[in-house]
Amino acid sequence: MHIYSIFTVIDYVIFAVLLAASMGIGLYYALSGGRQRTTQEFLMADRSMGCLPVSLSLIASFQSAVAIIGVPAEIYTHGTQYWFIGCAYILGLLIPAHIFIPVFYRLRVSSAYQYLELRFSKAVRICGTLTFIFQMVIYMGVCVYTPAFALNAVTGFELWGTVLATGLVCTLYTTLGGLKAVIWTDVFQTVVMFAGQLAVIVVGVQKTGGVADVWRKVWEGNRISGLDLNPDPTERHTFWTLGVGGVFLMLSLYGVNQAQVQRYLSSRTEKEAVRSCYMVFPSLQLALALSCVMGLVMFARYCGEDHSDKLASSSRDAMVIYFVMDMLHGLPGLPGLFIACLFSAALSTISSAFNSLATVTMEDLIKPQYPAMTEARATLLSKVLAMSYGLLCLAMAYLTHLMGDSVLQVALKIFGMVGGPILGLFCLGMFFPWANSIGALVGLCVGLVVAFWLGIGSILTRSTRPLPLECSANVTIAIQTAISLFFSQPSGLKRFYSLSYMWYSGFNCTTVILIGLIISFLTGPTKEEDVMPGTLYPLLGKLFCFLPEHLKKKLCCVTPLGQTVSEKIDLIAKNLPLNKTELVYFSSLCKKFSQKCNSATHHLYIHI
């Protein structure tokens with residue numbers, strides 16, 4: 001079978017329909033409603049989205065082509081231990097729903113990094129913004145390259161021509177339709193993603209001999225992993241690295257990442273934002289399950305053999321593409337559906353990044369310097385920024401194919417190395433009243449230095465420990481592998497470099513918090529009364545609820561969470577000499593006004 005021969009006319013049509021539908025949604029929102037004439041509409045969807053499209057968009061942003069290709073490759077090579085990351089989804093979504101979303105939503109910010117200026121200073125906000133931009137531009141390179149590689153493998157299209165086409169389609173509909181187009185294309189693309197994965201699994205199980213045969217082969221091939229409670233932090237995947245370290249990774253993604261925060265803030269109400277976060281959980285578990293089952297079916301088919309050379313690639317991620325096309329060969333339409341699934345995942349993630357990058361650049365770097373800029377000019381500039389980031393991310397895709405790790409590991413390392421320090425910065429501001437701006441800046445800088453020291457060191461001293469690849473249980477090989485691993489345990493600085501990449505977020509987050517607190521105490525801690533109302537979450541007060549009130553006050557543990565704008569307006573209205581009808585009219589008028597005005601006006605409400 002020549003790998004290029006499996007794409008038929010129907011497959012090309014299905015793939016073209018995906019791109020056309022995505023462009024069509026962008027055009028629709030460019031020509032309807034307010035026609036993206038204001039920054040609030042273009043960047044925040046007029047804060048009018050319901051919880052269902054927001055939740056599906058949150059899934060699509062995380063479930064990138066990296067996950068669809070990377071997770072099955074991980075399961076194929078190392079077994080099902082990675083599945084335990086699903087345990088981290090519980091706290092990884094509950095904490096944002098009840099801590100981060102209320103704080104951001106009640107402050108009515110457009111960019112998550114506006115919070116850093118309200119809590120610390122403008123310098124901290126700019127540093128946080130630049131760190132996020134750096135993180136997302138690199139990550140986008142991975143996201144653009146992955147589906148382009150897949151399309152090149154199955155059609156023979158020029159790889160870099162495919163990269164260019166992917167980036168340009170995504171850039172155009174993001175630039176034309178704004179956040180509304182991004183969210184609604186995410187909804188459409190999520191459905192395509194699940195359909196593509198399900199098609200591969202059903203056909204794969206059927207061609208491999210049925211469910212019973214698949215289970216027997218993966219069991220004999222030692223691919224079903226038990227609960228590994230090994231506390232060694234250098235062990236690549238254990239319950240602790242995935243279930244606990246994964247919580248920090250999820251928090252950096254769903255708690256403080258602008259791409260996700262922007263979706264929460266586009267919701268009509270705070271309750272809908274929280275509800276959308278809850279609705280993500282079952283869908284993420286389903287997506288994880290589909291990817292893991294796909295990896296198991298792939299192993300049952302090939303018993304660990306490597307066919308990636310048939311795609312002219314040494315990457316183990318190429319095995320997933322080979323498996324898909326081997327299974328779907330001779331079934332017109334299904335290869336096109338899977339490639340559409342892969343591109344859907346990529347487009348949804350990339351468009352989210354373009355929009356969030358345009359938002360933080362506009363809100364954090366440009367508007368504060370040019371406060372008198374007209375709304376029309378600001379909106380035009382936001383669109384130019386979205387397009388510029390699209391072209392920049394295409395250049396970053398070139399670097400991805402130079403990396404030796406799997407795309408999944410590369411992506412998670414990026415989030416750990418850069419997302420971890422950003423998470424630490426927000427936690428420092430939200431949970432510790434004593435932290436000051438000097439501590440925050442020094443903490444972030446030290447956190448990033450340590451993160452890159454660790455990350456680069458791990459790349460230079462990289463070693464992998466795959467499971468035996470036989471399809472039958474081989475006790476001798478298992479014993480030999482265990483002995484060799486025991487005697488090859490790293491020590492000293494090499495042990496530090498061997499830290500599991502799943503701990504990167506937690507380790508770097510903790511580094512920023514500890515250094516930030518130490519520097520804050522050395523340079524004079526912030527007094528509680530100097531902290532802007534609404535920027536602190538009373539975590540310490542809840543943890544130390546058993547302490548007497550006067551001790552809690554000394555420890556700054558009694559700061560209440562800020563009220564929503566609506567609650568503030570209702571409280572003011574009740575104290576005015578108005579009858580019931582006038583009260584209702586006054587409240588509705590204020591709330592309508594509050595939705596239209598910019599964040600500076602919202603901050604006035606917070607202070608009232």
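Accessible areas here come from the Shrake-Rupley method with a 1.4 Å probe, and for residues only the protein chains shown count as cover. The model is predicted, so that local features need pLDDT of at least 70 and side-chain atom pairs count only at pLDDT 80 or more, while totals for chains, interfaces and linings use all residues. Residues are numbered from 1 along each chain as its sequence is written, and side-chain values use heavy atoms, with hydrogens and water left out.

**View 1. The whole protein, with 26 helices and 0 strands.** Helices (H or I, at least four residues) and strands (E, at least two) are DSSP runs, numbered from the N terminus. The protein exposes about 24100 Å², of which carbon and sulfur atoms supply 69%. Of its 608 residues, 59% count as buried, where buried means under 20% relative accessible area, exposed over 50% and partly exposed in between (1.4 Å probe, protein chains only). Among contacts (heavy atoms within 4.5 Å) between residues at least 6 apart in sequence, 85% join residues at least 24 apart.

**View 2. Helix α5 against helix α11.** The axes of α5 (residues 88-107) and α11 (residues 245-254) come within 8 Å and cross at roughly 40 degrees, which makes α5 oblique to α11. Axes are lines fitted to C-alpha atoms, for helices over the stretch in contact, and angles run from 0 to 180 degrees between N-to-C directions; those under 35 degrees count as roughly parallel, over 145 as roughly antiparallel, 65 to 115 as roughly perpendicular and the rest as oblique. The crossing of α5 and α11 is right-handed, a term for the near helix being turned clockwise from the far one by less than a right angle, with anticlockwise giving left-handed. On the α5 side the contact is made by A88, Y89, L91, G92, L93, I95, P96 and F100, and on the α11 side by G246, V247, M250, L251 and Y254. By class, these residues divide into 11 nonpolar, 2 polar and no charged, with Ala, Val, Leu, Ile, Met, Phe, Trp, Tyr, Cys and Pro counted as nonpolar, Asp, Glu, Lys and Arg as charged, and the others, Gly among them, as polar.

**View 3. Helix α5 against helix α13.** Here the axes come within 9 Å and cross at roughly 160 degrees, and α5 and α13 are therefore roughly antiparallel to each other. The crossing of α5 past α13 is right-handed. The contact includes Y89, L93 and P96 of α5, together with residues of α13 including E270, C277 and F281. Its residues divide into 17 nonpolar, 2 polar and 2 charged.

**View 4. Helix α13 against helix α14.** The axes of α13 (residues 270-302) and α14 (residues 318-328) come within 11 Å and cross at roughly 75 degrees, so α13 and α14 are roughly perpendicular to each other. M294, V297, M298, R301 and Y302 in α13 meet a set in α14 that includes M319, F323 and D326. This contact has 10 nonpolar, no polar and 2 charged residues.

**View 5. R108, in the loop between α5 and α6 (114-119).** Phi of R108 is near 55 degrees, a positive value in a residue other than glycine. R108 is buried, with a relative accessible area of 8%.

**View 6. A340 in helix α15 (residues 334-366).** A340 is buried, with a relative accessible area of 2%. Leaving aside residues up to four places away in sequence, A340 touches I14, F15, L18 and V192. The C-alpha atoms of A340 and L19 are separated by 8.5 Å, although these residues lie 321 residues apart along the chain.
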